[in-house]
Amino acid sequence: MANETNGTVAVVGAGVVGASIAFELQRRGFQVTLIDKGEPGRGTSYGNMASIALDFAAGSGPSTWKKLPRWLIDPEGPVWLRPSYAPKILPWFLRFLAAGRPARLREIEDAGMSLSKIALADFRAMLDAAGAPEMMTEEGCLAIYETEAEFDADRGHLELMRRYGMEFEVLSNGAIQHYEPTLSPKIARAVLLPDNKSIRDPYRLVVKLADAARAAGATFVSGQAKTVERKADGKTSVLLENGGRVEADNIVLAAGVHTRFLAERLGEPIPLETERGYHTQIMQPGISMRYSVIWPHRAFMVTPTAGGIRVGGNVELAGLTAAPDFRRPRVLVRHAQRILPGLKVQDTSEWMGHRPALPDTIPIISPSSKMPGVFYATGHGHLGLTYSATTARLIAHMVAGDRTPVDIKPFRIDRF
Ligand SMILES: Cc1cc2nc3c(=O)[nH]c(=O)nc-3n(C[C@H](O)[C@H](O)[C@H](O)COP(=O)(O)OP(=O)(O)OC[C@H]3O[C@@H](n4cnc5c(N)ncnc54)[C@H](O)[C@@H]3O)c2cc1C
């Protein structure tokens, strides 16, 4: 429970990142107010592919620019840039390309892997503390390659995992069905990633964390944060669009991609873009899978979840307001049927979400450089679920003024 020594914290955003932070701070003795404009877990955290994906990979590399023409012309490819959005995203895109320079790339990989190394243990500890260890499956993930050429094209990623001591096992054609009998016998190779566990229901996870924070004494405020301010006495407040105000000793901004508007008002703009992604939830798939499956060449995943089989991934660069283009998830379902010949597409729902993406792939987990007492936890891109528990632990250390378990310099907001 809260006590006088630890103080109060307002957390803006009840996605997986904000809810994890609220839970972590409350159980460490802070008095937390969790603020969201909607219900907990209804943002991007609702429909992700449920994977604790420890095999970090930077978005941009030295040869990324060569792929650009394909991204513009193929609306069914793994990455699609809507031509009308190209001028708007150009500044972000130039930074994205710059992040692929070899020297910078190495720093980014070091930073991402420093989180990946501790992410699974942190996640388990968070679920145990919330009384929900059963929310994580024990099976890992299979990365599949339809041809030897696809496998060869991904060797750099395997080399990266080897360099950072990540566990994996290469499986040849005959061994793949032993792990996942539903996979097509035509798949040439697979790589077993035993530590890439899955969460049975990412939405329920957020609800559970928000509930656990409340059960420990946190309060929930429904409202849209407009900005934050700091008074002469050092007290900070979150000002809400409805005229309300939440005062606290510290504030954590964890509003996913929308954090960029709050940062802008604080005078520290961040290059936070949306990498839109889709899923199709198949409630009656006609097959049952044990492992999640990723097809790197096609940039999508198939994950067994509590509500059936989920097919999703891929990236669409089209901004926050453009209507979803559901042709994209339908392409993924067709690909999924190729690798899972028994998959039936019955009783489905489709969804789109906004990954909060920074051009250098790694998140901002940082004190504000403008206002004391304000912290940021955003920009987790493709790995917000994966790094949620670790982000919560790092933020809790920062708010408490303690030494963090990993070097937070690479994640500082003032790197931009
Ligand atoms: C298709 C797809 C697949 C993915 N698969 C994976 C995966 O397998 N593994 C993985 O680790 N990650 C995955 N991700 C990424 C992951 O889902 C995100 O990184 C993560 O959900 C971001 O969480 P968040 O809490 O930062 O943001 P959100 O979940 O978007 O939460 C932000 C919250 O802030 C609230 N909010 C916004 N503005 C305000 C405001 N002004 N005031 C009050 N509240 C506000 C919103 O209502 C929302 O509830 C995937 C993403 C997509 C789209």
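**Legends: two domains and their interface**

**View 1. The two domains of the predicted chain.** The domain assignment, which is of the automatic or database kind, divides the chain into domain 1 (8–46 + 203–271 + 361–415) and domain 2 (62–87 + 94–98 + 141–194 + 273–357). The C-alpha centres of domain 1 and domain 2 are 29 Å apart. Residues are numbered from 1 along each chain as its sequence is written. The model is predicted, with local features needing pLDDT of at least 70, side-chain atom pairs counting only at pLDDT 80 or more, and totals for chains, interfaces and linings using all residues, while side-chain values use heavy atoms and leave out hydrogens and water.

**View 2. The area buried between domain 1 and domain 2.** About 1,100 Å² is buried here, 62% of it from carbon and sulfur atoms; buried area is the accessible area (1.4 Å probe) that two parts lose on being put together, summed over both. Of the area that domain 1 buries against domain 2, Thr44, Val257 and His382 supply 42%, more than any other three residues.

**View 3. Contacts across the interface of domain 1 and domain 2.** In contact (heavy atoms within 4.5 Å) are 14 residues of domain 1 and 13 residues of domain 2. The rule finds zero salt bridges across this interface, a salt bridge being a side-chain nitrogen of Lys or Arg within 4 Å of a carboxyl oxygen of Asp or Glu.
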